[in-house]
Amino acid sequence: MTRKFDAIIIGAGQAGPSMAGRLTAAGQTVAMIERKFFGGTCVNTGCKPTKTMVASAYAAHLARRAADYGFSTGGDVGMDMKAVKARKDKVTLDSRSGTEGWLDGMERCTVFRGHATFLSPHEVSVNGETISAGRIFINVGGRANVPNMPGIHKVSYLTNSTIMDIDFLPEHLVIVGGSYIGLEFAQMYRRFGSRVTVVEKGPRLIGREDPDISDAIKAILEEEGIAFRLDAECISFSPHADGVCVHVDCKSGDRDVPGTHVLLAIGRVPNTDDLGLDKAGVKIDERGYIAVDDELRTSQPHIYALGDCNGRGAFTHTAYNDFEIVAANLLDGDSRRVSDRKTAYALYIDPPLGRAGMTETEARKSGRKILVGTRQMTQVGRAVERGETKGFMKIVADADTKELLGAALLGASGDEVVHGILDLMYARAPYTVMQRMVPIHPTVSELLPTVIADMKPVA
């Protein structure tokens, strides 16, 4: 006996539950399938837990700077990692249970707790039961990439997920991967009190960013005592008396980096390998991501892929926007496309990096005549008042059209301030609109018009 629904949603991450809410509100019956934790990566191993821990690390860092602000803590600042984990767990569990309760109580929604596999383009098996629907939405997310590097299976290692489970302080944490996830954990655990070394295959950190941004971030983290091994072309692992040894082939320095623990932060892979997509006729690319069109349809027009598994975005906000795009096209008669959205994300070190649109490097390669404006955070009054003057702002614009092309705001509140740039980009307004605005003083955002006014042509 096959149970029939109007829609099947596989995965209760950021897009799935909201999709269920819209469909059921429209009178449709929905089968929601989740095999593990409701809320997806963001709630369970991504945004919620890590930013909670970043907040704990920031508080500890600020306490150690007490004298800078004219007060005393009365002694050394110590960390209670069990308490840090308990605080993180509560934030995660509250959010997870909220999502789960919402779905369980949703009218016309039937929740299945189990592993979904396709039997055909319209049929899915879960817990030995066959269900079918006219439309199917795949929202299965991704997981940490664990490449088959030499010796990796001979040692114990952590990923961004499993490191969430520890309630102790690693004596020396070696992080393989000098990009967004790796750097966030590097600063976090250094502020908790661990010795931290970051091993990066490339010649600089976060290679997709402009070199000046990469260099500034490296300098900020080095000042906090984080060590870096760049140009690590050959990376391998072996057991060590201390715990684990990471072997590197760098241009300089020792070839052995022994540590007590190693964290792999070298990208993500989609959770698409055990869904039976071949039986559904759903095509994937060479990396396992589900191929979708501009409205997130797969090779089967009635099947949609939302979130990290489609390779069109690796963030909570892009996953949620995937839901908005699909809902608008299916339910609202409103044509929305993936290609309409602007690149936007943040790196949550302290100070944070807020990014919108193109990098300066990308803008130069586009062949446009561009303007670039920068300002050091030491010249931002609010940052000086807060005692947080590391980093700088950079804004890039098209010299002919006056269109804002992008921004990189590395500094106090950069992850919030960048939305002023993003708003103007979506409004398709010329940069002169922001140049003439009257912002609130004292804020970090008030310097955006100044940076724009200072923009100059680049060769």
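How many Å² does the protein chain expose, and what share do carbon and sulfur atoms supply? In this predicted model, the exposed area comes to about 20,400 Å². Carbon and sulfur atoms supply 50% of that area.

The overall dimensions were examined next. The C-alpha atoms of the protein chain fill a box of roughly 70 × 60 × 45 Å along the principal axes. Within the chain, 13 helices and 22 strands make up the secondary structure. The radius of gyration is 24 Å, and the globule rule gives 23 Å for 459 residues. The two values are close, so the chain is as compact as a globular protein of that length. Burial was computed for the 459 residues, and 52% of them count as buried. Contacts with a separation of 6 or more were also sorted by distance along the sequence. Of these contacts, 63% join residues 24 or more positions apart.

Strand β1 offers a starting point for the strand pairings. This strand covers residues 2-10 and pairs with strand β6, residues 129-138. The two strands run in the parallel sense, and eight bridges link them. One bridge sets Ala7 against Arg135 in β6. Strand β1 also pairs with strand β2, which covers residues 30-34. This pairing is parallel too, with four bridges. Here Ile8 has Ala31 in β2 as its bridge partner. Between β1 and β2 the chain passes through helix α1, residues 16-25. The result is a β-α-β crossover, and its hand is right-handed.

A parallel sheet was found further along the chain. Four strands form this open sheet, in the order β10-β9-β8-β14. Which strands stand at its edges? They are β10 (227-229) and β14 (261-264). Each has a single partner strand, so one side of each is left without a neighbour in the sheet. From one strand to the next, the twist averages 20°. Inside the sheet, β9 (residues 195-199) is joined to β10 by three bridges in the parallel sense. Thr197 is placed opposite Ala227 in β10. A helix accompanies these strands. Helix α5, residues 180-192, lies across β8 (172-176), β9, β10 and β14. Its direction makes an angle of about 165° with β9.

An antiparallel sheet was also identified. This open sheet has three strands, ordered β11-β12-β13. Its edge strands are β11 (235-240) and β13 (256-259), and each pairs on one side only. Neighbouring strands are turned by 25° against each other on average, with direction ignored. Strands β11 and β12 (residues 243-248) run antiparallel and share six bridges. Two of the facing pairs can be named. Phe237 has Val246 in β12 as its bridge partner, and Ser238 stands opposite Cys245 in β12. A hairpin of two residues carries the chain from β11 to β12.

Two single residues were then examined. Is His61 buried or exposed? The residue belongs to helix α3, which spans residues 47-64. Its relative accessible area is 17%, and the cut-off for burial is under 20%, so His61 counts as buried. Beyond residues up to four places away in sequence, His61 touches Arg191, Glu224 and Asp350.

Ala383 sits in helix α10, residues 381-386. This alanine has a relative accessible area of 0% and is therefore buried. Which residues does Ala383 contact, once neighbours within four places in sequence are left aside? The contacts are Met377, Glu388 and Thr389. A C-alpha to C-alpha distance relates this residue to Gly40. Ala383 and Gly40 are 343 residues apart in sequence and 35 Å apart in space.

Terms used:
Residues are numbered from 1 along each chain as its sequence is written. This is a predicted model: local features need pLDDT of at least 70, side-chain atom pairs count only at pLDDT 80 or more; totals for chains, interfaces and linings use all residues. Side-chain values use heavy atoms; hydrogens and water are left out. Two strands pair if DSSP finds at least two bridges between them. Axes are lines fitted to C-alpha atoms, for helices over the stretch in contact, and angles run from 0 to 180 degrees between N-to-C directions. The radius of gyration is taken over C-alpha atoms; the globule rule is 2.2 Å times the number of residues to the power 0.38. Buried means under 20% relative accessible area, exposed over 50%, partly exposed in between (1.4 Å probe, protein chains only). Contact means heavy atoms within 4.5 Å. Accessible areas come from the Shrake-Rupley method with a 1.4 Å probe; for residues, only the protein chains shown count as cover. A crossover is right-handed if, with the strands pointing away from the viewer, the path from the first strand over the helix to the second runs clockwise.
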